[in-house]
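Morning, everyone. One structure today, and I'll keep it quick. Please bring it up on your screens.

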Amino acid sequence: MSNSTEFGKSLLADVRQRADKQSSDARKRAKKDAWKQLGVEVLIGAGKSLIANRQQEFLNNETNLANKMKIKTANDIATQVSQTESAANVFDGGRDLFFQQKAKSAVDDYLQSQYQAGSYNKAAYDKFSKNLSNSWGKELKKRHNEKYQTTQKFLQATGGGGVESYNEVMKSQRGGDISGFVAEMVGRGTGVLGKDSANAAANMLDTSEQVINFKKTYAKTGDVALSQFVANNKLLEGVELGSPAPTYGEPLKKKNNFGGEDVVIPQLQHDKDGNLIAQTLIKFDTSGGVTMTKPDMAIVERDFSEKLSVAFSKENNPIKAQGGYSLSRLNESQFKQMNDGITARIKATGVENTDKLFSQMYEVAAGRVNAFVGVAINEMSNEGFTPNASGHTANYMVLNSFDTPTNKVLTGAGKHNPWHTLRAMNGAVSESVINIPANVLSTLVTDNSVNLLRSYRSETTAGQSAIDSFVAKNNYFSQLDVHKPLATAHKAIKNIVDNPKRYAGMNDSQALTESLKYISE
C-alpha cells in the first residue's frame, strides 16, 4: 500500500514539474516569437539559447518590449497608408475612382445584409448602390488624406519621438464603418429601399434649391434617378412664376446606336391654360449615361435621327456605304479604338462577346456608326464643307463619342452640333489629316451663336462640363483659328445658362446680346 502511495505521489510530482516546465517554456517561446516579429534573429542550437545578453535583458524588460511593439505598429500603419497613397496616385481612372472602387465592395456587402434579394426594384437598387459608392468613396478618400497628412508629419519628425501619439491619432482617425455612415446619411434605417435611396440621393445634392427640386420631382414620380437628374441639371429653375410645375410622361423605349434600347422620359411644361409649351426629353441609356434634349433642339435632333434611321435600314444604302468608306481611312490605332468602344458599349448592356447575341449587336452598332458618318458627311457638305473634310471630321466625331459617352456627340453634325463638330475638326487639322476648312469660322462660330447656345444648353451638366474641359484644353481650337470669338461666345453662353432668371422672358438672340454686354462690363 505504502509503495503504491509513494508511487502516486512521485507520479503527481512529476506531472506538476512537467506542467511547470511546459508553462515556463511557453512563456519563453512567446517572448522569443515577439522578438522575431520585431525583426531580431533568435538562434537556438544544441538546447542552448545563443541570444546575446542585451537581447535577453530586453526580452525580460516588458516595458521595452511594449515600446518596441508600438514602434512596429506605427511602422505597419505608416507603410499601409503610404502604399494606399501610391496606388491611388497611379490608378488609371484617377484618385476619386480608386476610392470609389474601394468603397463599392463594402457598399454591396452592406446592402445585401440589409435588403433581401428579390425584395426590391433592381434599377432602384443599382442607383442606391451607385450613390452610396460615390459618397462612401469620397468619405474614404477624405479619411485617407487625413491619415496621410498625419503620417507625413510623423515620418518627417526627428528624434524618434511621437510614436504613441501617432498611434493614438491614427486610431481616432479610423472613424466608423459604412453602416454608421449610411445611417447618418439616410436617417434612421427604414429598411425600405426607395425611401433610403431617396434620402441618400437628397443628401448628395449641393444646394438647398437642388434638394427642394429633388423632393418636388420625387413626390410626383417616385423615381430617384429621374429626381436626382432633374435637381442636378436645374430643370425646374427659370420656370415662369404662376405656371404649373412640370409633369412627366410615360417612359418610352427607343433603339440606340449600339443595338440596345434606351428609356426616354418626357418632362412636360404647360402654360396657365393647360397648353403644352415645352417638352424636355430625358434619356437613360444602358451604360448608365444620361442625356437630355431641350425643346429648341428637339426638331433638328429628330430630323438627324430620322435620316440616320433611313440610311441604316437598307443594307446597300449609298449614304451608309459612304460612311463605311470614310471610316476605312482610319489608321490601325483609331480603328482599334472604335472597335474597343463598340465592344464596351455592348458589354455595358450585359452581353459578353462570347454570347451568340454579341455578333448581331456588333453588326447593328457598326451599321449605325457607318450610317452616322454618311449622314454627317451630307449635312456638313450641304453647309459648304468639302466631302473630304466632312468625312474626316465625322470619323473623329465617332472616336470622340467613346471618350465622352455621356454627352451628345452623335446627335447631329455641323452647325446644329457645333461644339462636337469643332472638336472633331480641330483633331483632324491638328493631326494634319485635313487643312483648315475655309468656312469653319463663319459657319460654326460667328454666324452660329444661337446654335452654340442651344446645343450647349441642351447638354446635361456633365456634358456641359465636358465641353468646358475640351475647349479649354485645346485653347478654344486655336488650330482652327476660331479661338478668340469662340472664347467670347462660350463665356456669354455660360453666363446665360448659369443665370436663367437674369434672362427670363428674352429670346435667345436677345439673351446673347445682353449677356455679351454683361460680361464686357
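I'll go from the overall numbers to a helix pair, then the cores, then a few single residues.

First, a caution: this is a predicted model.

The overall picture. The protein chain has 521 residues, and 40% of them are buried. Its secondary structure comes to 21 helices and 7 strands. Now the contacts. Take pairs at least 6 apart in sequence; 59% of those contacts join residues at least 24 apart. The accessible surface is about 28,700 Å². Carbon and sulfur atoms account for 50% of that surface.

Next, a helix pair. Look at helix 12, residues 318-327, and helix 14, residues 356-382. Their axes come within 7 Å and cross at roughly 100 degrees. An angle from 65 to 115 degrees counts as roughly perpendicular, so helix 12 is roughly perpendicular to helix 14. Who meets whom? On the helix 12 side, the residues include I319, G323, G324 and L327. On the helix 14 side, they include G367, V369, A371 and G374. By class, this contact has 7 nonpolar, 8 polar and 1 charged residues.

Now the cores. The largest nonpolar core has 59 residues. Which residues have the most contacts inside it? They are M338, F372 and L486. Helix 14 supplies the largest share of this core, 11 residues. Stay on M338 for a moment. Leaving out residues up to four places away in sequence, M338 touches L327, L330, V369, V398, L399 and F402. Two of those names came up a moment ago: L327 is in helix 12, and V369 is in helix 14. There is also another core, apart from the largest one. That one has 7 residues, among them A103, Y110, L111 and F128. As background, nonpolar side chains in soluble globular proteins tend to be buried together.

Last, single residues. V81 is in helix 3, residues 62-90. V81 is buried, with a relative accessible area of 7%. Its C-alpha atom is 7.0 Å from that of K147, and the two residues are 66 apart along the chain.

Then the loop between helix 19, 461-473, and helix 20, 483-498. N475 is in that loop, and so is F477. N475 is not a glycine, yet its phi is positive, about 50 degrees. F477 also has a positive phi, near 60 degrees, and is a residue other than glycine. Are they buried or exposed? N475 is partly exposed, at 43% relative accessibility. F477 is buried, at 0% relative accessible area.

That's the tour.

Technical notes: Residues numbered from 1 in each chain as written. Predicted model: local features only at pLDDT ≥ 70, side-chain atom pairs only at ≥ 80, totals over all residues. Heavy atoms only, no water. Helix = DSSP H or I, 4+ residues; strand = E, 2+ residues; numbered from the N terminus. Buried < 20%, exposed > 50% of the residue type's maximum accessible area, 1.4 Å probe, protein only. Contact = heavy atoms within 4.5 Å. Areas by Shrake-Rupley, 256 points an atom, 1.4 Å probe, with all protein chains shown as cover. Axes fitted to C-alpha atoms, helices over the stretch in contact; angles between N-to-C directions. Parallel < 35°, antiparallel > 145°, perpendicular 65-115°, else oblique. Nonpolar A, V, L, I, M, F, W, Y, C, P; charged D, E, K, R; others polar. Core = buried A, V, L, I, M, F, W, Y, C linked by side-chain atoms within 4.5 Å.
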